[in-house]
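Hello,

Here is the structure I promised to pass on to you. Have a look at it first, and then read my notes underneath.

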Amino acid sequence: MGRGPRLVLLGRQGAGKGTQAQLLADNYGVEHLSTGDLFRAAAAEGTSAGLEAKRFMDAGELVPDATVIRVVEDRFTGDFLNRGFVLDGFPRTLPQAEELHRVLDGHPLDLALDLEVPTEIVLRRIAGRRVCEKCGATYHVDMPPATEGVCDSCGGRVVQRDDDTEEAVQRRLELYEQETVPIIDFYCNLGKLSAVDGIGETDDVFKRLVDQVEQHFDPQSP
Ligand code: AP5
Ligand code: MG
Ligand code: ZN
């Protein structure tokens with residue numbers, strides 16, 4: 001028995017990070033940490049930090065780095081680092097990537113997986129996306145839950161995201177190019193980057209990701 005992998009999923013909005021992060025986390029028995037899901041849950045609870053984050057999110061803007069880092073760092077306990085994890089939506093700016101690198105001291109990342117999907121395809125995926133309000137499970141009008149509007153995993157309401165409007169999506173994609181693309185180089189320079197074709201059936205994309213993890217991850221490494 002060794003540990004689980006420590007993974008970061010990169011990719012533009014709608015590339016399938018949430019979908020694949022959940023599958024990878026289930027497959028390896030590690031935690032799926034999505035900053036978008038954390039902020040949506042905080043907003044739904046109505047905490048002041050959650051409501052502040054929601055203003056940025058609904059406009060398609062990034063939540064300020066200091067807020068994101070504060071929220072995420074609470075999760076990086078020794079147990080979390082030792083068991084392994086899949087990060088989805090974090091890091092998304094260079095300062096966040098540098099902060100993560102610092103926090104992971106002694107528990108190096110195994111791989112940053114960049115899900116490559118062109119803009120015209122992500123726009124179609126986002127237009128049809130539906131999510132569970134309660135647990136964040138992701139669906140699509142072409143891949144709906146068994147009962148319409150009801151989450152298969154938790155029975156929560158399945159709805160459209162407030163930030164999946166045309167204007168917010170345009171802004172999110174712009175910010176991806178400006179703020180998140182530089183992270184790809186950051187992980188490439190660390191020798192930790194694997195680019196994976198994110199086009200095709202969900203199961204096929206998942207097999208490609210697992211294939212990369214198997215090639216780069218040693219469960220016996222520290
Ligand atoms: P976040 O929730 O992370 O949203 P995002 O980055 O815009 O990414 P998405 O969730 O839109 O896409 P995804 O890649 O997860 O795709 P999915 O699997 O759903 O962040 C939201 C906001 O929070 C940000 O804009 C920002 O304001 C804030 N925030 C969060 N983290 C932050 C941070 N670190 N710093 C600053 N601000 C932060 O798939 C999309 C659709 O396609 C689904 O319907 C799915 O069913 C479908 N699909 C998936 N795979 C396939 C396939 N292979 N074939 C066909 N359809 C597919
Ligand atoms: Mg997501
Ligand atoms: Zn649910």
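Let me start with a detail that is easy to find on screen: the side chain of Asp110 reaches the backbone nitrogen of Arg6 at 2.7 Å. Please keep in mind throughout that this is a predicted model.

Asp110 sits in the loop between H6 and strand S4 (111-116). Its side chain also has a partner in Arg3, and the polar contact joining these two side chains is 2.9 Å long. Setting aside residues up to four places away in sequence, Asp110 touches Arg3, Gly4, Pro5, Arg6, Lys192, Phe217 and Ser221. Is Asp110 buried or exposed? The relative accessible area of Asp110 is 11%, and because the cut-off for buried is under 20%, Asp110 counts as buried.

Another charged residue to look at is Arg12, in the loop between S1 and H1. Arg12 has a relative accessibility of 17%, so it counts as buried too. The side chain of Arg12 makes a polar contact of 3.0 Å with the side chain of Glu177. A polar atom of the Arg12 side chain also lies 2.8 Å from the backbone oxygen of Val117. Not counting residues up to four places away in sequence, the residues that Arg12 touches include Lys17, Leu115, Pro118, Thr119, Val122, Leu173 and Tyr176.

Now to the nonpolar interior. In soluble globular proteins, nonpolar side chains tend to be buried together. In this model, the largest nonpolar core has 26 residues, and Val8, Phe76, Leu87, Leu100 and Tyr187 have the most contacts inside it. Two or more of the core residues come from each of strand S1 (6-10), helix H2 (35-45), helix H3 (48-58), helix H4 (65-73), helix H5 (78-83), strand S3 (85-88), helix H6 (94-103) and helix H8 (166-189). H8 gives the largest share, 5 residues.

Val8 is a good place to zoom in. Leaving aside neighbours within four places in sequence, Val8 is in contact with Leu87, Phe90, Pro91, Leu100, Leu109, Leu111, Ala112, Leu113 and Tyr187. There is also a second, separate core of 25 residues, with Ala15, Leu111, Val205 and Val213 among them.

Two of the residues that Val8 contacts, Phe90 and Pro91, deserve a look of their own. The peptide bond from Phe90 to Pro91 is cis, with omega near -5 degrees. Pro91 belongs to the loop between S3 and H6.

Next comes the ligand. Which residues come nearest to ligand 1? They are Thr19, Thr35, Glu61, Arg129 and Arg172, out of 33 residues around ligand 1. By type, this shell divides into 9 nonpolar, 13 polar and 11 charged residues. Helix H1 (17-28), H2 and strand S6 (138-140) each supply at least two residues of the shell, and H2 makes the largest contribution, with 4 residues.

A few close atom pairs are worth displaying:

- A backbone N or O atom of Gly18 lies 2.9 Å from an oxygen atom of ligand 1.
- A polar side-chain atom of Arg40 is 2.8 Å from an oxygen atom of ligand 1.
- A backbone N or O atom of Gly200 is 2.7 Å from a nitrogen atom of ligand 1.

How much of ligand 1 does the protein cover? On its own, ligand 1 has 1000 Å² of accessible area, and the protein covers 94% of it.

Finally, two glutamates. Glu148 lies in the loop between S6 and strand S7 (158-159), and its relative accessibility of 78% is why it counts as exposed. Glu148 and Val158 are 10 residues apart along the chain, and 8.1 Å separates their C-alpha atoms.

Glu73 is placed in helix H4 and is partly exposed, with a relative accessible area of 32%. Glu73 touches Glu99, Arg102 and Val103, again not counting residues up to four places away in sequence. Between Glu73 and Ala41 there are 17 Å from C-alpha to C-alpha, with the two residues 32 apart in sequence.

Enjoy exploring it, and write back with any questions.

Best wishes

Definitions and conventions. Residues numbered from 1 in each chain as written. Chains lettered and ligands numbered in written order. Predicted model: local features only at pLDDT ≥ 70, side-chain atom pairs only at ≥ 80, totals over all residues. Heavy atoms only, no water. Core = buried A, V, L, I, M, F, W, Y, C linked by side-chain atoms within 4.5 Å. Buried < 20%, exposed > 50% of the residue type's maximum accessible area, 1.4 Å probe, protein only. Contact = heavy atoms within 4.5 Å. Near = heavy atom within 4 Å. Polar contact = N/O pair within 3.5 Å; in protein donor to acceptor, adjacent residues only side chain to side chain. Areas by Shrake-Rupley, 256 points an atom, 1.4 Å probe, with all protein chains shown as cover. Nonpolar A, V, L, I, M, F, W, Y, C, P; charged D, E, K, R; others polar.
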